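Got a structure open and want to know how its pieces fit together? Let's go through it one question at a time.

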Amino acid sequence: MPRPPLLATSALLGAVLCAAAAPVSVSAQATPTARHVTPAPKALSIPYTIDTLANGLTLIVHEDHTVPVVAVNTWYHVGSGDEEAGRTGFAHLFEHLMFMGSEHAPYPMFDRLLEAAGADNNGTTNEDRTAYYESGPANALPLMLWLDADRMGWLLPPMDSAKVDLQRDVVKNERRQRVENQPYGKAWDAIPSLVFPAGHPYSWPVIGSMADLSAASLEDVKDFFRKFYAPNNATLVVSGDVNAAAVLAQVRKYFGDIPRGPPIVRRPTPTFTTTHDTSVVLTDRVQLPRVYDLWHSTRAYGPDDAALNLLAYILTGAKNGRLTEPLVYVRQLAADVNAFQDARLRDGQFGIIATARPGHALPEIQAVIDSQVARLVAEGPTPRELEQAKNSFEASMLEQLEYGSAVADQLNSYYYFTGQPDYLAKDIARTRAVTAADIQRVAHSYLQAP
């Protein structure tokens, strides 16, 4: 494989931010006969350009010249859902290994160069993807691209058992801190296999098991990288004070010589139906009992996803929520309660979690949950509840787009889940289209016993 192009020291264009064009009201100049005309608001959008390199790398660029900053956001389309039983935790382990140095940027050069340029970086892993990002001043863009290209194309030459063992131990300690030694942590270790059947891509936790992490060999790790960490399985988003044509030229320069990886063939997601309730009691050293109600739901952007999002808000999204008000404020049975629609690429789950106050038992809380769900099924939400939920959803989405790094991540997310980087207007429209009858239907279909 050829060496990556040398990093240029001259500044290039770069920078971040974005978002939707705000509606602008324009009136005609007042004259004795002129009418004042206000045009219809423009549809909200995140303008972008998209290109695909010869090696399969997808590049999405969003120009926003508001401030001289830039965000680089790379999604590798691999998460814990792409692992195999007995080989779990690889996606998360690789998130750590990607910061351990590459052939031309040995450890700890990656962090030190970015910090010296005034930029920051990090990575995250979930069931569907592993994401890496950098954000900082616009003139640091060439540095960010060069570093990302070097670890995409030249990570394996310096990879050895010592690096794998070091990060394996880091991940094990993370598991101890977040799962085994954290209050309620064991619940999230058990939940995946309770909600999804054996063999389902979401039936094990993202962090993996201790046994699988211990069993991973150096060659296992390298094989995982060769299969999934290739340009044809990645999408690179650059958002900020940049010129799209200049960015494309830079990306071709740094990434163009990285060879395409093997075709990714993903196993089909099994379909299943839940025929009965399952009740599991976990014991741990916690001061207050907590109830987890979870249901198999639907994938992200599926037909019922928007209605389930609003249902979650109506239940616990505000102080006057159907569960928050009676459980936390009126009867004070619970210290907290939260409902959510956890929609992913292949499938989803809906959950309600409530922590009991001292002196109260979980059956009291469960009775309120059951009665409020039944009431929603019977009566549906009020017009005010539904409008409040829709307004909150839209406001939080637009607020998030004030941040350039969030814009870059949203473009990547929309593209991966829908095939359309600028899905913003459609996302809002699908939520606005939800009716009270839809809320009743999904509450009955997903949350009530079959």
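**Helices, sheets and cores**

Leucine 362 lies in helix H11. Keep in mind that this is a predicted model.

Q: Is leucine 362 buried, partly exposed or exposed?
A: Buried would need under 20% relative accessible area, and exposed would need over 50%. The value for leucine 362 is 23% relative accessibility, so this residue counts as partly exposed.

Q: Which residues does leucine 362 touch, not counting residues up to four places away in sequence?
A: Here the close sequence neighbours are set aside. What remains for leucine 362 is a list of four names: Pro289, Arg290, Val291 and Ala356.

Q: What distance separates the C-alpha atoms of leucine 362 and leucine 141?
A: Along the chain, leucine 362 and leucine 141 are 221 residues apart. In space, their C-alpha atoms are separated by 53 Å.

Q: Glutamine 372 also has a place in a helix, H11 (residues 362-379); is glutamine 372 buried or exposed?
A: The cut-off for buried is under 20% relative accessible area. Glutamine 372 comes in at 12% relative accessibility, so the verdict is buried.

Q: Which residues is glutamine 372 in contact with, leaving aside its neighbours within four places in sequence?
A: Contact here means heavy atoms within 4.5 Å. On that basis, the partners of glutamine 372 are Arg322, Leu323 and Pro326.

Q: Which strands does H11 lie across?
A: H11 runs at about 40 degrees to E7. These strands belong to an open antiparallel sheet with the order E7-E9-E8. H11 lies across E7, E8 and E9.

Q: Which strands stand at the edges of that sheet?
A: An edge strand has a single partner strand, so one side is left without a neighbour in the sheet. That description fits E7 (290-296) and E8 (334-343).

Q: How many bridges join E8 to strand E9?
A: E8 and E9 (residues 348-356) run antiparallel. Within E9, phenylalanine 350 is the residue opposite glutamine 341. The bridge count for E8 with E9 is nine.

Q: What is the strand order of the open sheet of six strands?
A: Its pairing is mixed, and the edges are E1 (49-52) and E4 (120-125), each pairing on one side only. Neighbouring strands are turned by 15 degrees against each other on average, direction ignored. Reading across, the order is E1-E2-E6-E3-E5-E4.

Q: Which residue of E2 is the bridge partner of threonine 49?
A: E1 and E2 (residues 58-63) run antiparallel and are joined by four bridges. In E2, threonine 49 is matched with valine 61.

Q: Which helix packs on the sheet, touching E1, E2, E3 and E6?
A: The direction of this helix makes about 30 degrees with that of E3 (69-76). It spans residues 404-418 and is helix H13.

Q: Which residues make up the covered face of E4?
A: E4 forms a hairpin with E5, with four residues between the two, and they pair in the antiparallel sense over six bridges. The uncovered face of E4 has Asp120, Asn122 and Thr124. The covered face has Asn121, Gly123 and Thr125.

Q: What covers the buried residues of H1?
A: Eight of the eight residues of H1 (residues 90-97) are buried, so this helix is largely enclosed by the rest of the structure. The cover includes E4, E5, helix H4 (161-180) and helix H7 (218-228).

Q: At roughly what angle do the axes of H3 and H8 cross?
A: Two packed helices are described by the angle between their axes and the distance between the axes. For H3 (residues 141-153) and H8 (residues 244-255), the axes come within 9 Å. H3 passes H8 in a right-handed crossing, and the angle is roughly 35 degrees.

Q: How do the residues of the contact of H3 with H8 divide, and what are the counts?
A: Among the contact residues are Leu145 and Ala149 of H3, along with Val251 and Phe255 of H8. The contact of H3 with H8 divides into one charged, one polar and 10 nonpolar.

Q: Which element gives the largest share of the largest nonpolar core?
A: That core has 56 residues, and Leu145, Val251 and Phe255 are among those that touch the most other members. The largest share is eight residues, and they come from H3.

How values were computed
Residues numbered from 1 in each chain as written. Predicted model: local features only at pLDDT ≥ 70, side-chain atom pairs only at ≥ 80, totals over all residues. Heavy atoms only, no water. Axes fitted to C-alpha atoms, helices over the stretch in contact; angles between N-to-C directions. Left-handed = near helix turned anticlockwise from the far one by under 90°. Nonpolar A, V, L, I, M, F, W, Y, C, P; charged D, E, K, R; others polar. Core = buried A, V, L, I, M, F, W, Y, C linked by side-chain atoms within 4.5 Å. Buried < 20%, exposed > 50% of the residue type's maximum accessible area, 1.4 Å probe, protein only. Pairing = 2+ DSSP bridges.
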